[in-house]
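Colleague: Please take a close look at the charge pairing in this model for me. I would like one connected account, with the setting of each partner.

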Amino acid sequence: MDLEGRKNNIYFDKTGKQILVGDLLQVFHFKTRSKFHYMYHVAVMEEGKDFPVLALRNYDKEKPHYRLFQVCNNEQRIYHAAKIISEKDFQTIRLKIKVK
């Protein structure tokens, strides 16, 4: 993804719903024989060197864990392992795309 694409900060979860600052995401971690294990992350805006980028942090930590452009490097900007389970502001109009 080029530099202009990173400035956009529009990313989607696996259902096609736009990820916004303050959303709680359930991210697939690993699977045992009978159980799925997940991590829980909060979307935050992190100040970068040139411009702010959307990042995810652990729900009980202050420091961001990773940036979304690192894991959403596909053409549609979909984070295939994540699903929004709680929205900070449910009245905000979000973009929605169709996931293939």
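Modeller: Happy to, and let's begin with K17, whose relative accessible area of 24% makes this lysine partly exposed (buried is under 20% relative accessible area, exposed over 50%, partly exposed in between, with a 1.4 Å probe and protein chains only). E87 is likewise partly exposed, at 26% relative accessibility. A word on the ground rules: the model is predicted, so local features need pLDDT of at least 70 and side-chain atom pairs count only at pLDDT 80 or more, while totals for chains, interfaces and linings use all residues. Residues are numbered from 1 along each chain as its sequence is written, and side-chain values use heavy atoms, with hydrogens and water left out.

Now to the pairing itself, where a salt bridge is a side-chain nitrogen of Lys or Arg within 4 Å of a carboxyl oxygen of Asp or Glu. The model holds four salt bridges by this rule. One of them joins K17 to E87, with 2.9 Å between the closest N and O atoms. K17 sits in the loop between α1 (3-8) and β1 (24-31), and E87 in the segment after β5 (82-86), so their bridge ties together parts that lie 70 residues apart in sequence. The element names follow DSSP runs, numbered from the N terminus: helices are H or I, at least four residues, and strands are E, at least two.

A second pair worth your attention is R94 with D23, whose side chains meet in a salt bridge at 2.7 Å, N to O. This pair also links distant parts of the chain: R94 is in the segment after β5 and D23 in the loop between α1 and β1, 71 residues apart. Both R94 and D23 are buried; for R94 the relative accessible area is 15%.

Then there is E46 with R67, a salt bridge in which N and O are 2.9 Å apart. E46 belongs to strand β2 (residues 36-47) and R67 to strand β4 (residues 64-67), so parts 21 residues apart in sequence are tied together here. R67 is partly exposed, its relative accessible area being 28%. As for how the pairs combine, salt bridges that share partners join K17, D23, E87 and R94 into one network.

R94 is a good place to see what surrounds that network. Leaving aside its neighbours within four places in sequence, R94 is in contact (heavy atoms within 4.5 Å) with K17, D23 and E87, and also with Q18, I19, L20, I84 and D89.

From D23 we can step across to H41, which is found in strand β2. This histidine is buried, with a relative accessible area of 3%. Beyond residues up to four places away in sequence, H41 touches D23 together with L24, L25 and V27; further along the chain, H41 also touches L56, R57, N58, H65 and Y66.

One of those neighbours, R57, is another arginine to look at, and its place is in strand β3 (residues 52-58). R57 is buried, at 17% relative accessible area. Setting aside residues up to four places away in sequence, R57 touches Y40, H41, V42 and V44, as well as E62, K63, P64 and H65. With V44, the C-alpha to C-alpha distance is 7.1 Å, although R57 and V44 are 13 residues apart in sequence.

Finally, two backbone details from the loops. N9 is in the loop between α1 and β1, the loop that also holds K17 and D23. The phi of N9 is near 60°, a positive value in a residue other than glycine, and N9 counts as buried, at 15% relative accessibility. R77 has a positive phi as well, about 65°, again without being a glycine. R77 lies in the loop between α2 (68-71) and β5 and is buried, with a relative accessible area of 10%.
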